[in-house]
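Colleague: I would like a close look at one part of this model, the salt bridges. Please describe the pairs and where they sit in the chain.

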Amino acid sequence: MSLFLTGTGTGVGKTFVALELLNWLRSRGIRAVGMKPICCGDREDVRRLLAASAEGISIEELNPVWLRSPVAPSVAAQIEQVEIDLGKIRNCFRNLSEQFDTVIVEGVGGWLVPISADLFVSDFAKQLELPVAIVAENRLGCLNHVLLTLESVQRRGLVCAGVILNQANGPIDLAQNTNETELRRLLTGISLVVISEKTEPNFAEIFAVTEQLDVFRKLTQSSES
């Protein structure tokens, strides 16, 4: 029932959405924790995820790789002369998955942000084999960004659990007023959850996909054994 959370870019509200997801899950009695495998810059988002997570997790488990430079991980690693240990990250995820019902894994930046010279966030998500939820900010240009990200997710053979349209700051314009309707038309077979001040988001459809995938994997493993 875990989920990989990616964004159509930097600053679209991934951490805010992760907190909403954690609060939604925990209000329903589900022991859920956040995980930000790689953090670049200050650790404020990590602290917010830690505060919203179920008890029994340390900040090092939640965020095993912290790079102080506020740039892409590949660049930050070069600046700080370190190597990002993906094996350590995978072990942290595995341990959290064994301890808690749900792990919300928040990717760094957007879907194709480089982690190393030849590895991207998308490649790491593929290694975890989790359903992917795409976060987009409701603003001009988000239709293109959502569709490009969705296409890339599906091309890598991953399941898109849904698109989460996050409310933008500032005055409402024509694009913001029409993006939801247009996305519902374009996203055939993909759930769309809208976060706004008017209604409480219902993430049930997002997690329905993760539960279906869990059942499928268990059936597949049973047939192979």
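Modeller: What follows takes the chain as a whole and then goes through three of its charged pairs.

This is a predicted model. The chain has nine helices and 10 strands. Its radius of gyration is 17 Å, which agrees with the value near 17 Å that a compact globule of 225 residues would have. Along the principal axes, the C-alpha atoms fill a box of roughly 45 × 45 × 35 Å. Of the 225 residues, 51% are buried. Among contacts with a separation of 6 or more, 77% are between residues 24 or more positions apart. The exposed surface of the chain comes to about 11,200 Å², and carbon and sulfur atoms supply 50% of that area.

Now the charges. The chain carries 21 positive and 27 negative side chains, and the centres of these two sets are 1 Å apart. Side chains of opposite charge can pair when their charged atoms come close. With a cut-off of 4 Å between a side-chain nitrogen of Lys or Arg and a carboxyl oxygen of Asp or Glu, the count is six salt bridges. Three of them are described here, beginning with K36 and E106.

K36 and E106 form a salt bridge with an N to O distance of 2.8 Å. This pair links distant parts of the chain, with the two positions 70 residues apart in numbering. K36 is in the loop between β2 (32-35) and β3 (38-40), while E106 belongs to strand β5 (residues 102-110). Both K36 and E106 are buried.

Next comes a pair within one helix. R155 and E151 form a salt bridge in which the closest N and O atoms are 3.5 Å apart. Both residues lie in helix α7 (residues 142-155), and the four residues that separate them amount to about one turn of the helix. R155 counts as exposed because its relative accessibility is 57%, a value over the 50% limit. E151, at 47%, counts as partly exposed.

The last pair is also within a helix. The side chains of E182 and R185 meet in a salt bridge at 2.6 Å, N to O. Helix α8 (residues 174-186) holds both E182 and R185, which are three residues apart, about one turn of the helix. E182 has a relative accessible area of 27% and so is partly exposed. R185 has 55% relative accessibility and therefore counts as exposed.

To put the pairs side by side: K36 and E106 link distant parts of the chain and are buried. R155 and E151 share helix α7, and E182 and R185 share helix α8.

Methods
Residues numbered from 1 in each chain as written. Predicted model: local features only at pLDDT ≥ 70, side-chain atom pairs only at ≥ 80, totals over all residues. Heavy atoms only, no water. Rg over C-alpha atoms; globule rule 2.2 N^0.38 Å. Buried < 20%, exposed > 50% of the residue type's maximum accessible area, 1.4 Å probe, protein only. Contact = heavy atoms within 4.5 Å. Areas by Shrake-Rupley, 256 points an atom, 1.4 Å probe, with all protein chains shown as cover. Lys, Arg positive; Asp, Glu negative; His and termini not counted. Charge placed at Lys NZ, Arg CZ, Asp CG, Glu CD.
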